[in-house]
Amino acid sequence: MPIVFHPTTNTFHLMNDTMSYILKILPDGSIGQLYCGRALRDKESFDELFETAARPMAVCAFEGDKTFSLEHIRNEFPGAFFGDMRMPAIDLKQENGSRVVRFRYKSHTIFSGKPKLEGLPATYVEHDDEANTLHIHVYDELLHVWATLQYTLYEKRPVLCRSVKVENAGSDTLVLDGLASLNLDLPDAGYDLIELTGAWARERSIKVQPLHEGIQSIYSLRGHSSHNFNPFLGLKRKETTETQGEALGFTLVYSGNFLAQVDVDTYNTARVQIGLHPFTFSWPLRRNESFQSPEAILVYSSQGMNVMSQAFHSLFRERLARGMWRDKPRPILLNNWEGTYFDFHEKTILEMAKAAKDLGVELFVLDDGWFEGRNTEHTSLGDWRPDMDKLPKGISGLADQINALGLRFGLWIEPEMINYHSKMYEQMPDWVLHTPNRPLSHGRHQFVLDFSNPDVVDFVFEMMKDILDHANIDYIKWDMNRSLSEVYSSHYPHDEQGTIYHRFILGVYDLYERLTSRYPNILFESCASGGARFDPGMLYYAPQAWTSDDTDAIERLKIQYGTSMLYPISSMGSHVSAIPNHQLNRSTPLSTRANVAYFGTFGYELDPRKMDEAEKEQIRKQIGFMKQYRSLIQFGTFYRLLSPFDGNETAWMVVSNDQKTAIVGYYRTLQEVNERYRRVRLQGLDPNTLYQIEGCDYDAYGDELMYAGLITTDASAGEHNLKAGEGDYLSRLYILRAR
Ligand code: DGJ
């Protein structure tokens, strides 16, 4: 289904089987929004959806006409100070101090496919017939500024991508002080707002609250997308659940400061915006210069939140992530961090690797602490040469020995950071982001390199090349352990300081691009103190991300459940760690730790030498299980069933694309006395297929499992004495196979 333009009514209709997005060129030349929602059949005119009313006190565009007021019109690209009294999508400061802009329609182009966004991560197509693109060119005649409103609608996905490019064709220097990537004016505000909020070690909790008059916003001013607010906003109707009802999801393919907000006016309309955070963005646009915004993504579902999430999952998995690992089941790894922290030697690492190999692990990852003098958090970031006291044969020698054991080798690095105690800092103090004559705040005793300066990025690239060219490295964990502060770059003049936050991220993207192109076989995992940069921008370069520094299975239920609102299972780094857990001191059964970690990329983060024989045997079985089912888990369709935010139980499941196999994960946090009866209604099965349920002594058709439910009540629910394995932190996997 196409994007059509109806010249008689100046209407654009972007449509596929699931959604429609309708725009109209208005009498003043601006672009108005008529509709965004479930697919509508096309017709010449949707003018009835263009609502106006002669409202008292309104500021109006045309002399004598009290009905055409930008204040009350649903605008596609609202400018500041020109009659639209809500938050603008563009803020352009002119030499005379004015910020009034007036963009009028000039032309448009419609074509198949989707062009790249130069220098920025974005979704893509592999074949032009997967998507159609519309570019609407609007122009401010006084300023001689063009804006191109860019839309791509996927043919078979309920996904609309939206970005804006602004070009200065005039002779004045302008300053772009704000540019939303997407502006959507909904005709009513009868929605609940869904956010993913948190902090270190408790990222992406699902928060749902009704919209109310005024602005509701989430943001980052930290220089990374943050633990605190993920760049995601969801809107759902009151009656919408996981399985039914209307839901809209918005995200930004970006890893730095962002602002996402809903501005509900007192006429019950809701303006949704997502884009760069205007407070830390001020970009001079000289003659013939242009600026491209990051890409925003809008997903529409008329069938509940699971369908919304699944559209994000498959888009991110198939058309945002790239490279060799995109479609491959991920290697089962052992990471030494929680096993040793900084305290290790080659001998320790090789013993751990040998033990890991014996358990069935495929990839050994050496975390922080491998470079010169790095025995605490206080030192050495920037000096990326192996510590020969710890690793006498260097990284390449260690990699060879690990390879000789039959394991792949992976390495941790934190390329954007530096410690005062480092040779790099002694040589290049100006390469640290810092504001002249002001004290500099540390975070984890470290400082941030000025990645807005291309010389710094070049230097770090050469340094990483030196490591990667000389050692057999299959995996990189790219960490980033502090927020940016005192952001100022001595590389740029004073009137460019408003560009530094964005240039910093462009520098990070540039380094990622260079490394992923030069080393296409390396699997990159992004990380930022756990999940502070778990965002769509990162997924373009690194198909997986360390979900959280919290490895406790019970906390991970919430973190992974919340993360699944937007991100696919194949992107969630998830490890089994030792007990008592290092973040919470909680002890959970080994089975539960694995039953949670299976729903991710799966690995271990412990010292395998410290496990007893029974535990080792259990781990061998776990790894065997994951090898058998990881393709299904990482690339099947994921459904949330019971939310850990609602009570004591959590459940989720994945279903294979042919609906012949499914795995249900069921988790109960605390044991109840004399328990109630319990059932979980499954999803995504074929109603007419008879499933054998491993672990149950009966078969059932898909319809029974979905409409009556899978019984999860313990047989001994009312007994006084619990059997072994029962009690707190219980979990079970149910494997369903078509008979
Ligand atoms: C923070 C990461 O999230 C951890 O997994 C670990 O790599 C440490 N940094 C190492 O410093």
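## Asn335 and its contacts

Asn335 is buried, with a relative accessible area of 1%. The model is a predicted one. Asn335 belongs to strand β21, and its side chain comes to 2.7 Å from the backbone nitrogen of Trp337. A second polar contact, at 2.9 Å, links the side chain of Asn335 to that of Asp367.

Leaving aside residues up to four places away in sequence, Asn335 touches Val365, Asp367, Lys477, His575, Tyr604, Glu605 and Leu606. Asp367 and Lys477 also appear among the residues closest to the ligand.

## Ligand surroundings

The ligand is surrounded by 13 residues, and the closest are Asp367, Asp368, Lys477, Asp479 and Asp549. Two side chains approach oxygen atoms of the ligand: a polar atom of Lys477 lies 2.7 Å from one, and an N or O atom of Arg444 is 2.8 Å from one. Asn481 places a polar side-chain atom 3.4 Å from a nitrogen atom of the ligand.

## Helix α3

Helix α3 covers residues 346–359, 14 residues in total. Its first and last C-alpha atoms are 20 Å apart, close to the 20 Å expected at 1.5 Å a residue. The helix is followed by Gly360, which has a positive phi near 110°.

Buried residues of α3 are Glu346, Thr348, Ile349, Leu350, Met352, Ala353, Ala355, Ala356 and Leu359. The elements that cover them include strands β21 (333–335) and β22 (363–366), together with helices α2 (337–340), α4 (394–404) and α11 (613–635). β21 is also the strand that holds Asn335.

## The six-stranded sheet

An open sheet of six strands runs in the order β32-β33-β34-β39-β36-β37, with antiparallel pairing. β32 (637–642) and β37 (699–701) are the edge strands; each has a single partner, so one side of each is left without a neighbour in the sheet. On average, neighbouring strands of this sheet are turned by 25° against each other, direction ignored.

Helix α11 packs on the sheet and touches β32, β33 (649–655), β34 (661–668) and β39 (730–738). The direction of α11 makes about 95° with that of β34. Helix α11 is also among the elements that cover the buried residues of α3. At the β37 edge, strand β36 (residues 690–694) pairs with β37 in the antiparallel sense over three bridges. Tyr691 has Ala700 of β37 as its bridge partner.

## Tyr541

Tyr541 sits in the loop between α8 (536–539) and β28 (544–546). Its relative accessibility is 5%, so Tyr541 counts as buried. Beyond residues up to four places away in sequence, Tyr541 touches Leu120, Pro121, Arg322, Tyr509, Tyr512, Glu513, Thr516 and Phe524. The C-alpha atoms of Tyr541 and Ile332 are separated by 20 Å, while the two residues are 209 residues apart along the chain.

## Backbone exceptions

Most residues other than glycine have a negative phi, and most peptide bonds are trans. His144 is not a glycine, yet its phi is positive, about 60°. His144 lies in the loop between β7 (131–140) and β8 (145–154) and counts as partly exposed at 35% relative accessibility.

Asn437 also has a positive phi, near 65°. This residue is in the loop between α5 (423–427) and β25 (447–448), and at 81% relative accessibility Asn437 counts as exposed. The peptide bond joining Ile579 and Pro580 is cis, with omega about -10°. Pro580 is located in the loop between β30 (575–577) and α10 (590–597).

How values were computed: Residues numbered from 1 in each chain as written. Predicted model: local features only at pLDDT ≥ 70, side-chain atom pairs only at ≥ 80, totals over all residues. Heavy atoms only, no water. Helix = DSSP H or I, 4+ residues; strand = E, 2+ residues; numbered from the N terminus. Expected span 1.5 Å × (residues − 1). Buried < 20%, exposed > 50% of the residue type's maximum accessible area, 1.4 Å probe, protein only. Contact = heavy atoms within 4.5 Å. Pairing = 2+ DSSP bridges. Axes fitted to C-alpha atoms, helices over the stretch in contact; angles between N-to-C directions. Near = heavy atom within 4 Å. Polar contact = N/O pair within 3.5 Å; in protein donor to acceptor, adjacent residues only side chain to side chain.
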